[in-house]
Structures are given as structure tokens and as C-alpha cells.
Amino acid sequence: MERVWERLRAWGVAAQSMFETESSFIVFGVRGNLPVVLKVLRRPGDEWLSGEVLEAFDGQGTVRVYEQVAGAVLLEMLEPGTQLASMALTGQDAEATEILAGVIEEMSRAGASSGTFVTVEDWGKAFEWYLSSGDKSIPADLVREAGELYLSLCSSQKEARLLHGDLQHYNVLFDSRRGWIAIDPKGVVGEVEYEIGAALRNPCERPELFVSPEAIERRIRCFEKRLGLDAERALCWAFSQAVLSAIWGVEDGFEVDAGNPSLLLADSIRQLLR
């Protein structure tokens with residue numbers, strides 16, 4: 001909490017309300033007459049440089065940044081801030097997919113510098129970590145297959161650039177002035193085909209909405225049409241990322257079994273690729 005009060009004082013924010021998550025403190029307040037949101041991370045992690053990532057996108061498809069330091073960021077307030085997940089969960093998945101594609105398209109226009117951000121190659125080191133960890137939650141043959149494909153994709157990328165890294169239904173909010181806006185980027189350098197992997201495995205609490213071959217192909221075709229991406233590469237990335245997501249779950253101490261949504265998606269895509 002000390003870091004929260006430090007940032008409130010340093011950035012001249014009057015706090016109005018606050019809530020906590022497992023990873024951060026979120027404060028709603030005002031600076032002068034401007035409604036703002038302060039986010040302070042509890043500890044270093046994959047969003048520690050989110051303020052720097054958002055600055056690189058300069059508000060193109062993303063929430064705007066007023067101030068940022070490592071581990072803390074002062075943002076514009078999005079109102080009403082409705083999550084895109086609410087649309088996907090109420091029978092409007094096609095519309096939600098189109099919106100995600102539009103956000104990715106707008107972020108792509110920013111021409112954000114890749115700077116010193118982590119790369120998809122860096123993230124891919126988790127495959128080897130898992131195989132040497134001794135954990136048996138995820139079948140080793142699946143991890144090896146996904147890891148080999150992931151490395152092959154890394155080495156054959158065409159135009160790597162800064163990506164959101166976790167662009168999915170819970171990280172896109174509606175603002176009455178600006179429309180649908182991305183929040184909470186991890187920031188990773190890779191090709192655009194990598195970006196849709198997170199969208200294909202969400203909303204995670206309703207895997208029946210995205211694991212069927214029909215749903216996967218419908219979503220992929222939407223991204224292909226809107227973004228002009230390589231659908232086959234996107235599907236290959238999505239398969240390997242789904243396994244990688246399950247590995248991250250193990251790293252974070254979660255129980256991962258055959259019913260894990262990411263593994264269910266990986267199995268479905270595996271069948272399509274064959």
C-alpha cells in the first residue's frame with residue numbers, strides 16, 4: 001500500500017475508491033477535474049512495464065497513459081468500462097470477434113517501436129522449463145510437439161512488431177467516447193499472427209464457446225479477413241500458445257488437468273492441423 005500512496009501524492013491524484021486484485025491495487029480518482037485510474041502492481045511480473053507498452057501505442061486502440069513508472073501507471077478512465085466478454089457470453093461471439101480484430105487493426109496503425117520489450121522467443125523458453133520440471137500435468141508429447149512448432153514459427157516470422165500479448169475479451173473495455181479499447185498489455189514482440197492466440201482461448205470460463213472446430217474456424221476466418229493475416233500460421237501459433245498458457249498455469253501454481261480450457265482448445269486445433 002505504501003507504493004499506492006506514494007504514487008497518489010507524486011501524481012496529484014485524489015482517491016475516491018479502491019479495490020485489490022491478486023496482482024494489483026486499482027484506485028479510481030481525479031486529478032484536477034480529470035477522472036483517472038491508478039494501477040499499482042504488487043510485484044514484478046508480466047505487466048510490470050505495461051505503462052511503457054501503452055505509451056508505445058500512444059492511445060491507438062489502447063487506453064491512454066498520463067503517467068507511468070515501472071510497476072505503476074496512471075490511466076484515463078473508461079466509462080462505462082464494460083468488458084467485451086459480456087458480449088461473447090451472451091450469444092454475440094461473432095460480433096465480439098469482429099471487435100477484437102478491429103482493436104488489433106487499430107493498434108497496428110501505431111507503428112509502436114519494439115524497443116527493449118520481451119520477444120515471443122523469450123516466452124517460448126517455458127516449454128523447456130516445463131519438460132525439465134518433473135511436472136506431469138500436461139502430456140510430455142503434447143509439450144514437445146507444441147514447443148517444436150513454436151520454435152519453428154519464431155524462426156520464420158516475417159514482420160515482428162510490438163504486440164499487446166494478451167489481447168482477449170477481458171482486456172477490451174467499452175468507452176462511450178472512444179469505443180472499444182484495449183487495457184493491461186503484457187507487451188511482446190512478434191508477428192501479428194501471434195496476437196490472436198489469447199482471443200481464441202477466451203472467455204476462459206465457457207470453453208464450449210470456443211473449442212469446437214466450427215467456432216475456431218469462424219473466428220480464424222474473421223481475423224484473416226479483417227487483418228489479412230496468414231490463417232494457417234495463426235492457427236499454428238494458437239495451438240502452441242494454448243499449451244504454453246497451460247504451462248504458465250503450472251508455473252503460477254494452478255492445478256492443470258485434461259479439462260483445462262487451454263488444453264481443450266489445443267486438442268481441437270491439433271485435430272484441425274492434422
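## Close-up views

**View 1. Ala126 meets helix H11.** Setting aside residues up to four places away in sequence, Ala126 touches Leu244, Ile247, Trp248 and Glu251. The model shown here is predicted. Ala126 sits in helix H6, which runs over residues 126–133. Its partners fall within residues 231–251, the range of helix H11. An α-helix has 3.6 residues a turn, so residues three or four places apart point the same way. The sequence gap between Ala126 and Leu244 is 118 residues. Across space, their C-alpha atoms are 7.2 Å apart. Is Ala126 buried or exposed? With a relative accessible area of 7%, Ala126 is buried, because the cut-off for buried is under 20%.

**View 2. Helix H11 from end to end.** Helix H11 covers residues 231–251, 21 residues in total. How far apart are its end C-alpha atoms? They lie 30 Å apart, which agrees with the 30 Å expected at 1.5 Å a residue. The expected span is 1.5 Å times one less than the number of residues, so the agreement concerns a helix of 21 residues. Most of H11 is covered: 18 of its 21 residues are buried.

**View 3. The two ends of H11.** At the N-terminal end, Asp230 acts as the cap. One of its side-chain oxygens lies 3.0 Å from the backbone nitrogen of Glu232. Just after the helix, Gly253 takes a positive phi of about 90°.

**View 4. Ser245 and its partners.** Ser245 also belongs to helix H11. Beyond four places in sequence, Ser245 touches Arg201 and Ser262. The Arg201 pairing includes a polar contact, side chain to side chain, at 3.5 Å. Is Ser245 buried or exposed? Its relative accessibility is 18%, so Ser245 counts as buried.

**View 5. Cysteines without a bond.** A disulfide is a covalent bond between the sulfur atoms of two cysteines. How many disulfides does the model hold? With a cut-off of 2.5 Å between cysteine sulfur atoms, the count comes to 0. Cys154 is in no disulfide: the nearest cysteine sulfur belongs to Cys236 and is 12 Å away. Cys154 counts as buried because its relative accessibility is 8%. Cys204 has a relative accessibility of 38%, so Cys204 counts as partly exposed.

**View 6. Two cis peptide bonds before proline.** Most residues other than glycine have a negative phi, and most peptide bonds are trans. Glu79 and Pro80 are joined by a cis bond, with omega about 5°. Pro80 lies in strand E6, residues 80–83. Asn202 and Pro203 are also joined by a cis bond, with omega about 0°. Where is Pro203 found? Pro203 is in the loop between helix H9 (197–200) and helix H10 (213–227).

**View 7. Positive phi at two aspartates.** Asp58 has a phi near 55°, positive in a residue other than glycine. Asp58 lies in the loop from helix H2 (50–57) to strand E4 (65–69). Its relative accessible area is 64%, so Asp58 is exposed. Asp184 has a phi near 50°, again positive in a residue other than glycine. Asp184 is in the loop between strand E9 (179–182) and strand E10 (188–190). Is Asp184 buried or exposed? Asp184 is buried, because its relative accessible area is 19% and the cut-off is under 20%.

**View 8. The whole chain, for context.** The protein chain has 12 helices and 10 strands. Its radius of gyration is 19 Å, close to the 19 Å of the globule rule for 274 residues, so the chain is as compact as a globular protein of that length. Along the principal axes, the C-alpha atoms fill a box of roughly 60 × 40 × 35 Å. What share of the residues counts as buried? The figure is 52% of the 274 residues. Among contacts with a separation of 6 or more, 67% come from residues 24 or more positions apart. The accessible surface comes to about 12,600 Å². Carbon and sulfur atoms account for 49% of that surface.

Technical notes
Residues numbered from 1 in each chain as written. Predicted model: local features only at pLDDT ≥ 70, side-chain atom pairs only at ≥ 80, totals over all residues. Heavy atoms only, no water. Helix = DSSP H or I, 4+ residues; strand = E, 2+ residues; numbered from the N terminus. Buried < 20%, exposed > 50% of the residue type's maximum accessible area, 1.4 Å probe, protein only. Polar contact = N/O pair within 3.5 Å; in protein donor to acceptor, adjacent residues only side chain to side chain. Rg over C-alpha atoms; globule rule 2.2 N^0.38 Å. Contact = heavy atoms within 4.5 Å. Areas by Shrake-Rupley, 256 points an atom, 1.4 Å probe, with all protein chains shown as cover.
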